[in-house]
Amino acid sequence: MTNQSDANAGPPPPSQADTVWHTLSIPDVTQRLEVNPQTGLSTREARRRTRRYGHNTIPEHRQRSLTRIFIDQFTDFMILVLIGAAIVSGMLGQRMDALAIIIIVVLNGIIGFVQEYRADRAMQAIKKLATPTTRVQREEQVVPLSTLDLVPGDIVLLEAGDLIPADLRLVEAVQFKVDESALTGESVPVDKQTAPLDDPNLSLGDRRNMAYKGTLMTYGRGTGVVIGTGLHTELGKIASLLHKDEDIKTPLQQRLTVFGRRLALAVLAICIVLFAVGVLRGEPPVLMFLTAVSLAVAAIPEALPAVVTISLALGARKMAKKQALIRRLPAVETLGSVTYICSDKTGTLTQNSMRVEQISVAGDILSPSASKQPGLEADLQNPIHLFFMALALNNDAKAQTGGPTLGDPTEIALYLAASKAGYDKDPLEATNPRIQELPFDSDRQCMTTLHRTPQSVISFTKGSPEKLLPLCESMLTQTGPDCLPTERLLEQAEHMANEGLRVLAVAYHHWDEAPSKITPSVVERQLTFLGFAGMMDPPREEAAQAVALCQSAGITPVMITGDHPGTAKAIASRVGVIKQETTVVTGQNLEHRSPEELSHLVEQTRVYARITPAQKIAIVKSLQTRGEFVAMTGDGVNDAPALNQANIGIAMGQTGTDVAREASDMILLDDNFATIVTAVRDGRRIYDNIRKFVKYTMTSNSGEIWTIFLAPLFGLPIPLLPIQILWINLVTDGLPGLALALEPEERNIMQRPPRPPNESIFAGGLWQHILWVGLLMGGVSLATEMWAYEADLGQWQTMVFTVLTLSQMGHVLAIRAEQDSFLQRGPLSNPLLLGAVLLTFVLQMATIYVPFLNPVFHTMPLTLNQLGLCLLLSTIVFFAVELEKWIRRRGWLPRP
């Protein structure tokens with residue numbers, strides 16, 4: 001649904017609409033957009049441009065208006081038949097009945113409208129929360145900003161894994177590659193640059209200094225100035241081709257829709273038989289037709305899929321408040337089936353607040369706070385000086401005036417360690433500017449930057465010890481280059497990692513001139529080793545408890561990390577994923593394994609280290625082959641396939657890339673493992689409450705059908721009139737049913753095994769409960785009718801009407817818990833449900849004792865004894881269900 005400002009946003013001024021941006025130089029672009037690329041726009045100017053250009057969004061398919069939603073409540077075939085029959089009844093003289101039926105139908109429509117409106121609002125709120133953010137330069141500060149709020153002239157900072165948020169003219173491009181297949185069909189990522197292009201008629205795919213909204217940055221980093229937003233982007237120009245119907249039903253909704261259709265056919269068959277039997281017995285045809293149609297309207301559960309939507313959407317909105325943002329609604333219902341949670345280590349099980357704890361230079365341990373020694377500034381042969389120089393310069397972390405340091409947590413730790421030792425990045429960069437770089441990627445596990453020094457060019461490389469040491473040919477010591485003691489250094493790195501430290505190796509290389517070809521094979525070879533930096537990222541305080549809760553719930557937590565095996569083992573043992581003596585499986589152990597061997601290995605393994613993204617997919621597939629239901633976390637570009645492969649893909653909200661978020665079903669806004677466990681708990685509660693609603697609604701409908709269908713077979717008159725059937729449907733299916741969605745979780749919700757994903761919602765004895773309790777409810781109502789009718793009581797129909805209505809209230813109170821008794825559950829633990837039951841009771845009493853309602857509902861006031869008998873009979877269902885739960889607690893019935 002578009003914002004009003006979007007709808008009113010006209011085309012850009014002619015001076016910009018006709019601009020051929022790729023032919024302009026960078027100064028010309030920034031001049032036309034009236035922006036300083038060093039400072040960015042001011043907040044005031046950004047607001048003004050938002051009013052001028054609108055929000056950066058492409059309108060979705062047209063939303064239904066409130067009027068349309070309300071009208072749709074009355075388009076069901078059976079509702080239309082009922083309205084038509086009521087009108088005919090009124091024309092034949094039964095005006096009071098006809099008016100009452102139409103009023104109740106309208107009230108039902110209002111309830112349906114409110115339900116659908118609430119579900120729609122909940123879904124819109126979830127979509128708004130899911131809006132991605134980007135990094136923007138505004139008022140000399142780099143700030144995270146919703147992509148909706150971008151305006152022409154904004155300076156956007158990009159890195160690998162980002163979705164391009166608007167049409168950009170690039171002003172900086174370092175190894176910048178973009179996957180433009182979504183826009184141009186080009187399957188190979190395109191290299192980008194910043195120089196102006198001469199040909200104004202170039203196709204989109206050849207505009208190498210432009211990046212377009214909706215495409216994906218796959219490599220490098222860069223900066224661009226926004227030249228088009230929303231409908232004024234290239235993607236916006238073809239927006240009409242991209243509209244999709246997003247109202248995709250969840251698997252549960254689909255199964256309930258199919259079930260509802262089949263049940264509708266059975267109910268219609270019963271209603272036809274009921275009509276025929278009634279007419280043959282001499283009942284008025286119009287009355288029997290209205291009765292049959294009313295029963296069909298009341299008994300066909302056409303609202304079940306809609307109620308599922310409401311429960312899932314409202315549940316998802318509550319989960320967002322607990323830092324779990326649901327992107328795809330089916331994830332809510334399937335969370336309860338998770339058997340394995342494959343989680344990253346950094347930031348998920350740990351605090352993601354790295355700090356350098358240990359430093360080793362040239363094989364010697366130093367204090368992390370070692371200060372700069374006099375004269376080191378010009379000494380490019382001193383290993384300590386070069387090591388701290390590397391920490392500062394081979395680093396993309398940035399300090400902000402008056403704000404926190406921005407960047408990757410590992411790089412921030414290195415930046416702060418260098419700064420603490422007296423090596424400030426800004427002064428060093430002023431005299432040793434970065435001229436080229438090779439960004440980090442998960443395959444190389446290295447990052448290299450090249451800097452021009454006053455004398456020459458120097459490159460610094462940092463990465464994992466296993467990857468970097470083979471690239472080195474010597475080690476710099478205080479006396480100069482020396483032979484590289486590879487085995488001793490690897491042992492030292494292993495020892496540091498076993499203490500729970502994340503270890504990065506640092507090396508350098510001197511060049512007379514920068515190489516003409518900047519590739520890993522050219523730049524990252526014949527390096528000189530400098531030292532190790534050992535960092536600690538302590539476990540989150542709540543991680544151990546969350547892991548234990550997983551294990552008690554039958555869920556196996558697994559750590560999958562690219563980090564060192566020793567570090568992974570230390571953290572995993574501290575949070576309880578493994579015991580200290582457990583073996584850690586590395587990526588190297590997984591290579592060349594057959595599917596059968598891998599399947600056996602994943603059954604035993606709980607911690608994986610030095611794992612590549614491709615191996616993540618193999619682990620997930622092997623677990624799924626064994627019948628496991630897998631949730632997988634990921635944050636990088638290369639994690640997207642594994643997130644897609646997992647049954648529930650979980651992206652990181654703080655450190656994750658846009659690509660990972662787009663591939664995920666759920667986003668952790670706080671990157672916390674405990675939030676996954678909270679989401680699983682909520683998913684189980686939501687599914688339980690949907691089951692309770694189905695149990696309540698179907699049992700109530702079953703009781704109404706048995707009551708009306710069996711009465712003629714016992715020689716009794718039709719026990720309920722059409723208006724009474726519709727009234728029961730209105731007051732019992734409305735508030736009491738919806739209040740079940742707010743029922744607190746079951747006491748043992750995280751002490752039971754996961755639910756099989758393909759298990760029917762009617763499993764666990766649910767359909768048997770619907771059958772026997774429905775028969776009991778119908779039997780009690782018919783027994784009431786039989787006794788009162790034989791006793792020649794004028795109020796016999798009123799008594800049946802009351803017993804059936806209040807029996808359903810007793811039933812809804814009894815099914816609040818699957819096993820616990822009503823008292824164990826706590827009468828006040830769901831005050832909305834208790835209030836709904838009391839309101840229903842009051843309304844039912846009003847139909848009996850308010851004089852002007854008697855002719856409307858064809859009721860008669862009951863005596864005190866008659867009312868007492870009705871109340872007593874209405875409790876039979878309540879106590880019968882309580883007895884069923886008591887038997888289940890004793891283990892004589894299977895637990896659901």
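**Reading the labels on a predicted model**

Reader: Why is Cys342 called buried?
Author: The relative accessible area of Cys342 is 0%. The term applies to values under 20%, so Cys342 qualifies as buried. The structure is a predicted model, and its values are computed from that model.

Reader: How do you know that the sulfur of Cys342 is too far for a bond?
Author: The closest cysteine sulfur belongs to Cys550 and lies 11 Å from the sulfur of Cys342. A disulfide requires two cysteine sulfur atoms within 2.5 Å, and therefore this pair does not meet the criterion.

Reader: What is the situation of Cys446 with respect to disulfides?
Author: Cys446 takes part in none, as the nearest cysteine sulfur, in Cys472, is 8.9 Å away. The count for the model under this rule is zero disulfides.

Reader: What makes Cys446 buried?
Author: Its relative accessible area is 1%. Set against the limit of under 20%, this value places Cys446 among the buried residues.

Reader: Why does Ser311 count as buried, with a relative accessible area of 11%?
Author: Buried means under 20%, and 11% satisfies that condition, so Ser311 is buried. Ser311 is located in helix α12, residues 304-321. Beyond its neighbours within four places in sequence, it contacts Ile686, Ile690 and Ala741.

Reader: Which label, buried or exposed, applies to Glu140?
Author: Glu140 counts as exposed, because its relative accessibility is 59% and the label requires a value over 50%. This residue sits in the loop between β1 (133-138) and β2 (141-146). Its phi is near 70 degrees, a positive value in a residue other than glycine.

Reader: Why is Gln323 called partly exposed?
Author: The relative accessible area of Gln323 is 30%. Buried residues fall under 20% and exposed ones over 50%, with partly exposed in between, so 30% gives the intermediate label. Gln323 occupies the loop between α12 and β8 (324-326). Although it is not a glycine, Gln323 has a positive phi of about 80 degrees.

Reader: At what angle do the axes of helix α28 (residues 722-733) and helix α31 (residues 796-814) cross, and what does that make the pair?
Author: The axes cross at roughly 20 degrees and come within 10 Å. Angles under 35 degrees count as roughly parallel, which means that α28 is roughly parallel to α31. The crossing of α28 past α31 is right-handed.

Reader: Which residues meet where α28 contacts α31?
Author: From α28 come Gln724, Trp727, Ile728, Val731 and Thr732; from α31 come Gln797, Phe801, Leu804, Thr805, Gln808 and Met809. This contact comprises six nonpolar, five polar and no charged residues.

Reader: How are helix α20 (residues 543-552) and helix α27 (residues 673-710) packed?
Author: Their axes are 8 Å apart, at an angle of about 35 degrees, and the crossing is left-handed. Ala546, Val547, Leu549 and Cys550 of α20 meet Phe673, Ala674, Val677 and Arg681 of α27. Here the residues divide into seven nonpolar, no polar and one charged.

Reader: How many helices and strands does the protein contain, and what share of its residues is buried?
Author: The protein has 35 helices and 26 strands, and 55% of its 896 residues are buried. Its C-alpha trace spans about 115 × 70 × 50 Å along the principal axes. Of contacts between residues at least 6 apart in sequence, 72% join residues at least 24 apart.

Technical notes:
Residues numbered from 1 in each chain as written. Predicted model: local features only at pLDDT ≥ 70, side-chain atom pairs only at ≥ 80, totals over all residues. Heavy atoms only, no water. Axes fitted to C-alpha atoms, helices over the stretch in contact; angles between N-to-C directions. Helix = DSSP H or I, 4+ residues; strand = E, 2+ residues; numbered from the N terminus. Parallel < 35°, antiparallel > 145°, perpendicular 65-115°, else oblique. Left-handed = near helix turned anticlockwise from the far one by under 90°. Contact = heavy atoms within 4.5 Å. Nonpolar A, V, L, I, M, F, W, Y, C, P; charged D, E, K, R; others polar. Buried < 20%, exposed > 50% of the residue type's maximum accessible area, 1.4 Å probe, protein only.
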